[in-house]
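User: I am new to this structure and would like to go through it step by step. Please show it, and then I will ask about its parts.

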Amino acid sequence: MSYDPGYMNTAVCTSRITFIDGEKGILRYRGYPIEQLASKSSFMETAFLLLYGELPSEAQLKHFCARVYHHQTALHADIVALLQTIRHDAHCMTSVISALAAMSALHPEANPALEGQAVYSSRKTRESQMFTLLGAFPTLAAHVLLRRSGSSVPCLPAPSLSTLLDPARPRAYVEYFLLLLGLGKARPGEEGPDPRVVRALDVILLAHADHELNCSTAALRHLTSSGVDVYTAVAGATGALYGPLHGGATEAVLRMLQQIGTEERIPAFLEAVKAKEAKLMGFGHRVYKNYDPRAVLVREVAYEVFQVYGADPLIHVATALETAARSDNYFVSRKLYPNIDFYSGLVYKAIGFPLDFFPVLFTMGRMAGWLAHWEELLIGPEEEKKIVRPRQIYLGPAERAFLPIEARGHDGIAAEPERLLPSTTRARL
């Protein structure tokens with residue numbers, strides 16, 4: 001048995017979806033360089049590629065978009081009602097995770113716990129769930145944000161919005177989402193979002209679409225191995241992505257830039273990082289030991305968005321911070337380069353998304369990759385379908401005899417048990 005904390009050197013599956021060479025800064029989906037897909041493709045076309053292994057024909061892409069868009073036009077009333085029960089000031093990911101798990105109740109016909117383990121042997125059933133999740137998620141996300149901001153939440157979108165979901169327009173996926181929220185307009189009063197903003201968000205979703213066996217994708221495969229339904233597996237993956245070391249890093253980067261505030265404060269901040277008194281968010285990556293190719297793409301579209309809204313003052317802090325870090329041997333020797341999280345938050349902020357919505361946007365893009373891995377696991381080799389069960393190295397006490405309560409000491413244990421409770425819980429009690 002090997003001891004491998006964090007699975008630093010453990011391969012648990014074979015995959016044909018995404019290739020990464022972290023030393024060279026290479027990322028490919030199904031063999032296609034991410035740079036080519038970002039410049040020539042769309043998120044919808046890339047989602048098709050991830051799910052089916054090949055780029056679609058024109059007819060295939062239209063059919064795929066039509067199936068996805070069908071689920072984008074409405075959110076089930078039960079999910080809307082559920083969202084109303086969650087505190088309006090809760091973090092957006094709390095609402096999203098709850099809603100995704102609740103979607104399982106709407107599809108009992110695709111639940112292995114109810115219909116048996118063979119339910120996903122049907123490709124038609126698998127595809128139906130994939131279209132549902134891809135299509136419903138932007139509308140779910142829009143409902144969460146509208147409620148979070150105190151705006152009215154429509155159960156159904158206006159008919160005029162539905163007509164915009166033309167299967168011949170792959171970026172309608174993003175455009176419709178922005179229209180639901182009233183975001184992306186170059187000037188107040190315009191009918192729809194600026195094409196530059198639509199393209200920028202589409203590229204960011206594409207860049208987030210998959211990243212091999214990261215924490216959240218591994219969590220999805222882990223849950224799927226137990227035979228759970230796809231909605232619960234995706235909710236679990238979303239929970240893993242929520243963390244500030246994963247999908248929540250974009251939010252953490254912007255908070256860091258706001259805390260630094262000005263270019264003049266960068267040297268002091270970097271010294272605090274070296275002294276382990278502060279954390280440099282958005283730099284370094286578990287896989288990349290070179291510049292994250294996705295960060296290059298996001299930085300390019302960031303300046304396109306700034307052409308619409310004007311440059312955010314924090315972009316100057318970000319670029320100066322990058323320059324300072326990349327010229328400092330402390331960070332260079334540790335191969336700490338900017339990753340995708342470093343610039344994407346500035347794009348989100350410019351468009352008008354609040355900080356706690358950033359991980360939701362990450363989730364929207366990653367949904368395509370999760371579903372591709374879910375499908376790959378279900379139809380893959382039998383030996384890879386075993387329930388995930390890592391081993392441990394036990395370091396606890398050896399066998400010992402049970403002592404009656406009056407014979408036990410209290411060393412190291414709080415004398416007042418209520419002190420173990422959070423202050424808010426103590427107050428309620």
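User: Which residue forms a salt bridge with Arg-199?

Analyst: This is a predicted model, so the values here are computed from it. A salt bridge needs a side-chain nitrogen of Lys or Arg within 4 Å of a carboxyl oxygen of Asp or Glu. The N to O distance for the side chain of Arg-199 is 3.1 Å, and its partner is Glu-304.

User: How is the protein divided into domains?

Analyst: One domain is made of two stretches of the chain, 18-247 and 352-384, and is called domain 1. The other covers a single range. That range is 248-347, domain 2.

User: How many salt bridges are there between domain 1 and domain 2?

Analyst: Arg-199 lies within the range 18-247 of domain 1, and Glu-304 within the range 248-347 of domain 2. Their side chains meet in a salt bridge. The count between the two domains is two salt bridges.

User: Which element gives the largest share of the side of domain 1 that touches domain 2?

Analyst: Besides salt bridges, 10 residue pairs are in polar contact between the domains, both residues at pLDDT 80 or more. On the side of domain 1, the elements that give two or more residues are β2 (26-29), α1 (34-40), α10 (195-208) and α19 (358-379). The largest share is eight residues, and it comes from α10.

User: How much area do domain 1 and domain 2 bury between them?

Analyst: In residues, 36 of domain 1 are in contact with 29 of domain 2. Carbon and sulfur atoms carry 64% of the buried area. The area buried between the domains is about 2600 Å².

User: Which three residues supply more of the area that domain 1 buries against domain 2 than any other three?

Analyst: Together these three supply 21% of the area buried by domain 1. They are Arg-196, Leu-355 and Phe-358.

User: Why do β1 and β3 each have one side without a neighbour in the sheet?

Analyst: The sheet is open, with three strands paired antiparallel in the order β1-β2-β3. Four bridges join β1 to β2, and one of the residue pairs is Thr-18 with Tyr-29 in β2. One side of β1 (18-21) and of β3 (32-33) is left without a neighbour because they stand at the edges, each with a single partner strand.

User: How far apart along the chain are Glu-375 and Arg-126?

Analyst: The structure holds 19 salt bridges, and one of them joins the side chains of Glu-375 and Arg-126 at 2.6 Å, N to O. Glu-375 is in helix α19, while Arg-126 is in helix α7 (residues 123-148). The pair links distant parts of the chain, 249 residues apart.

Technical notes:
Residues numbered from 1 in each chain as written. Predicted model: local features only at pLDDT ≥ 70, side-chain atom pairs only at ≥ 80, totals over all residues. Heavy atoms only, no water. Domains from an automatic or database assignment. Contact = heavy atoms within 4.5 Å. Buried area = accessible area lost by both parts, 1.4 Å probe. Polar contact = N/O pair within 3.5 Å; in protein donor to acceptor, adjacent residues only side chain to side chain. Pairing = 2+ DSSP bridges.
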